[in-house]
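User: Please take a close look at one part of this model and work outwards from there to whatever it is connected with. I would like the cut-offs spelled out as you go.

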Amino acid sequence: MTPSLTLPQNVWIAACAHELAKRWRTIDPEQLEDVAEGLSHDDRLRAMPPADAAVEWLRPINGGA
């Protein structure tokens, strides 16, 4: 099992929302929590550590960076 999948979902969501907030400061934290909750349902992203999933999800928004 992937280590990220061993994190409780609520912990993964909180960590992912925190990472999103560090990179996307203009968005309300509550909305970022909702985004992270949605990302937790994507098996590919959920298998990643929360920080990596946030970066991966933001990649198209950041111009592929």
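Analyst: Tryptophan 24 is partly exposed, with a relative accessible area of 23%, where buried means under 20%, exposed over 50% and partly exposed in between, using a 1.4 Å probe and protein chains only. The model is predicted, so local features need a pLDDT of at least 70 and side-chain atom pairs count only at pLDDT 80 or more, whereas totals for chains, interfaces and linings use all residues. Residues are numbered from 1 along each chain as its sequence is written, and side-chain values use heavy atoms, with hydrogens and water left out.

The structure holds one aromatic pair, a term for rings of Phe, Tyr and Trp (its six-membered ring) whose centres lie within 6.5 Å, with planes under 30 degrees apart counted as stacked, over 60 as edge-to-face and the rest as tilted. In this pair the ring centres of tryptophan 24 and tryptophan 57 are 5.6 Å apart and the planes stand at 55 degrees, so the arrangement is tilted. Because tryptophan 24 sits in the loop between α2 (9-23) and α3 while tryptophan 57 belongs to helix α5 (residues 50-58), the pair ties together parts that are 33 residues apart in sequence; helices here are DSSP runs of H or I with at least four residues, numbered from the N terminus. Tryptophan 57 is likewise partly exposed, at a relative accessible area of 28%.

Following the pair into α5, one finds Pro50, Ala53, Ala54 and Leu58 buried. They cover an arc of only 125 degrees around the axis, which puts them on the same side of α5, the arc being that of the directions from the helix axis to the C-beta atoms. These buried residues of α5 pack against α2 and α4, contact meaning heavy atoms within 4.5 Å.

Helix α5 also carries glutamate 56, which forms a salt bridge with arginine 44, the closest N and O atoms being 3.6 Å apart; a salt bridge requires a side-chain nitrogen of Lys or Arg within 4 Å of a carboxyl oxygen of Asp or Glu. Since glutamate 56 lies in helix α5 and arginine 44 in helix α4, the pair ties together parts that are twelve residues apart in sequence. Both partners are partly exposed, glutamate 56 at 25% and arginine 44 at 49%.

On the other side of the tryptophan 24 loop, α2 has Trp12, Ile13, Cys16, Ala17, Glu19 and Leu20 buried. They span an arc of only 160 degrees around the axis, which places them on the same side of α2. Glutamate 19 counts as buried at 12% relative accessibility, and this residue forms a salt bridge with lysine 22, with the closest N and O atoms 3.2 Å apart, and another with arginine 23, where that distance is 2.6 Å. Lysine 22 is partly exposed at 41%, as is arginine 23 at 40%.

The loop leads on to α3, in which Leu32, Ala36 and Leu39 are buried. Seen down the axis, these residues fall within an arc of 55 degrees, so they line one face of the helix, and on the other side Glu30 and Asp34 are exposed. The buried residues of α3 pack against α2, α4 and α5.

Methods: Helix = DSSP H or I, 4+ residues; strand = E, 2+ residues; numbered from the N terminus.
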